[in-house]
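Here are some notes to read alongside the model, written for someone opening it for the first time. Take them in order, with the structure on screen.

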Amino acid sequence: MKAIKFKNKRLFYLDQTLLPLKEEWKECLTLASAVKAVKTLKVRGAPLIGVFSAYALYVTLKDKPEKDKTVFLKTFEKTAEILNSTRPTAVNLSWALSRIREKVYARADRPVAVIKQTILREARFIEKEDEQLCFRIAEKGLALIDGQDRILTHCNAGFLATAGNGTALAVIYAAAEKYKNIRVYADETRPLLQGARLTCWELMKNRVPVTLICDNMAAVLMAEGKVDKVIVGADRIAANGDAANKIGTYSLAVNAAYHKIPFYVAAPFSTFDLSLVSGKNIPIEERDPEEIKKIMGRSEISPRRVKVYNPAFDVTPYKLISAIITDKGVIKPPFKKNIKKILKK
Ligand code: MRU
């Protein structure tokens, strides 16, 4: 299962806004189409927007004239800047683009044709690496799971959000493969319903038993003793362990703490932003009010002129997180010290 494909120098993506009703692959041909795909969440999920934008950088630049290197490098900078500005919260996007930038400037004395190949090689490397990171997260996270666990997840942190089989869902896939009785609850994830549309779709395709709930049902489920663990993904994790993820994650963590249920965040090293001491400075994307006033851009559900506040992410304070599952190992509190120690490995 893949959410993007790069074949014969062409970049394709599965349009996630059409799921689960239609499985439609589209081609990304221009910078404008790449920007639109990411902004409108046709391509989404922290690691995936990094990988996709890395390839989009190559696709956009591959046919640019090669005679004048200064002109090419200027276009490279501008294009990377535009791609980087599509979504502010997930650090994986700027991480992937700066990695390419570093390689490009390490070869800035070479002909433009070589620089273009450098961009492509690094994009491929980032994709392959992300695939591997997902497997490693699954491997490390499996140690935290018991055979009978009923796991609650929020948003979508699976195949559709990474180049591999996910972060939070990678752990769930590994657990479901090892144990017969793993059960999953998927929060619908208002307003854009990534849980209902995407997580349920991919778990069902992979035959993992899943039950869909509305976001506001999680506390009741916990009180009824129906949830053993919560596992979510992340878009950016600060040096102290504060973790930004899809809006609604924070209230899930509060509910889990109240009911004494372990709350795990799963993410690769590329999601950490150690330049931020805490989650206070994580930029939170605010999205179009229409996403809340309508359901999936269709039926209107509120008065037309109502005021709306639509932050797409929230920050879960580290105190509410039991452990962070990374490709390098499971990080337990004290996070500030242990994040530094494990990420250095
Ligand atoms: O707005 P989205 O759908 O891109 O938000 C995605 C999430 O919040 C995911 O949980 C996060 O990116 C982790 S994906 C492995």
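Before we start, a word on labels: helices (H or I, at least four residues) and strands (E, at least two) are DSSP runs, numbered from the N terminus. Keep in mind, too, that this is a predicted model.

1. **Where the ligand is.** Start with the ligand, which sits in the largest cavity. Two elements give two or more residues each to the shell around it: helix H2 (46–61) and strand E9 (243–246). If you want to colour something to get your bearings, those two elements of the shell are a good pick.

2. **Who surrounds the ligand.** There are 18 residues around the ligand, and Arg44, Arg87, Gln194, Asn245 and Lys246 come nearest. What sort of residues make up the shell, counted as nonpolar, polar and charged? Eight are nonpolar, six are polar and four are charged.

3. **Polar contacts to the ligand.** Three side chains deserve a click here. Arg44 has a side-chain N or O atom 2.5 Å from an oxygen atom of the ligand. For Gln194, a polar side-chain atom lies 2.9 Å from a ligand oxygen. Asp235 also has a polar side-chain atom 2.9 Å from an oxygen of the ligand. As for cover, the ligand has 420 Å² of accessible area on its own, and the protein covers 99% of that.

4. **Cis peptide bonds.** Next, have a look at the backbone at two prolines. Leu19 and Pro20 are joined by a cis peptide bond, with omega about 0 degrees. Pro20 is in the loop that runs between strand E2 (10–14) and strand E3 (25–28). Further along, the bond from Pro333 to Pro334 is cis as well, with omega near 0 degrees. Pro334 belongs to the loop between strand E14 (329–331) and helix H11 (335–343).

5. **Positive phi at Leu41.** Leu41 is a residue other than glycine, yet its phi is positive, near 70 degrees. You'll find Leu41 in the loop between helix H1 (31–39) and H2. Is Leu41 buried or exposed? With a relative accessible area of 5%, Leu41 is buried, because buried means under 20%.

6. **Positive phi at Cys155.** Cys155 is another non-glycine residue with a positive phi, in this case near 60 degrees. Look for Cys155 in the loop between strand E4 (150–153) and helix H6 (168–178). Cys155 counts as buried, at 7% relative accessibility.

7. **Helix H6.** Following that loop leads us to H6 itself. How many of the 11 residues of H6 are buried? Eight are, so H6 is largely enclosed by the rest of the structure. The buried ones are Ala168, Leu169, Ala170, Val171, Ile172, Tyr173, Ala174 and Ala175.

8. **Asn338 in H11.** Asn338 lies in helix H11. Its relative accessible area is 13%, so Asn338 is buried. Which backbone oxygen does the side chain of Asn338 reach? That of Lys332, at 2.8 Å.

9. **Lys344, after H11.** Move on to the segment that follows H11 and you come to Lys344. Lys344 is exposed, with a relative accessible area of 70%. Try a distance from here: Lys344 and Phe269 are 75 residues apart in sequence, while their C-alpha atoms are 10.0 Å apart in space.

10. **Met222 in H8.** Met222 is part of helix H8 (residues 218–223). At 4% relative accessible area, Met222 is buried. In sequence, Met222 and Ile145 are 77 residues apart; in space, the distance is 17 Å from C-alpha to C-alpha.

11. **Thr79 in H3.** Last stop: Thr79, in helix H3 (residues 69–84). Thr79 is buried, with a relative accessible area of 4%. Its partner for a distance check is Tyr58: Thr79 and Tyr58 are 21 residues apart in sequence and 9.9 Å apart in space, C-alpha to C-alpha.

Conventions. Residues are numbered from 1 along each chain as its sequence is written. This is a predicted model: local features need pLDDT of at least 70, side-chain atom pairs count only at pLDDT 80 or more; totals for chains, interfaces and linings use all residues. Side-chain values use heavy atoms; hydrogens and water are left out. A residue is near a molecule or strand if one of its heavy atoms lies within 4 Å of it. A polar contact is a pair of N or O atoms within 3.5 Å; within protein, one must be able to donate a hydrogen and the other to accept it, and residues adjacent in sequence count only if both atoms are side-chain atoms. Accessible areas come from the Shrake-Rupley method with a 1.4 Å probe; for residues, only the protein chains shown count as cover. On a 1 Å grid over the protein atoms alone, a cavity is a set of points where a 1.4 Å probe fits but cannot get out, and a pocket is an open set with protein on both sides within 12 Å along at least five of seven lines; lining residues have an atom within 4 Å of a point. A molecule sits in a cavity or pocket if more than half of its atoms lie within 2 Å of its grid points. Ala, Val, Leu, Ile, Met, Phe, Trp, Tyr, Cys and Pro count as nonpolar, Asp, Glu, Lys and Arg as charged, and the others, Gly among them, as polar. Buried means under 20% relative accessible area, exposed over 50%, partly exposed in between (1.4 Å probe, protein chains only).
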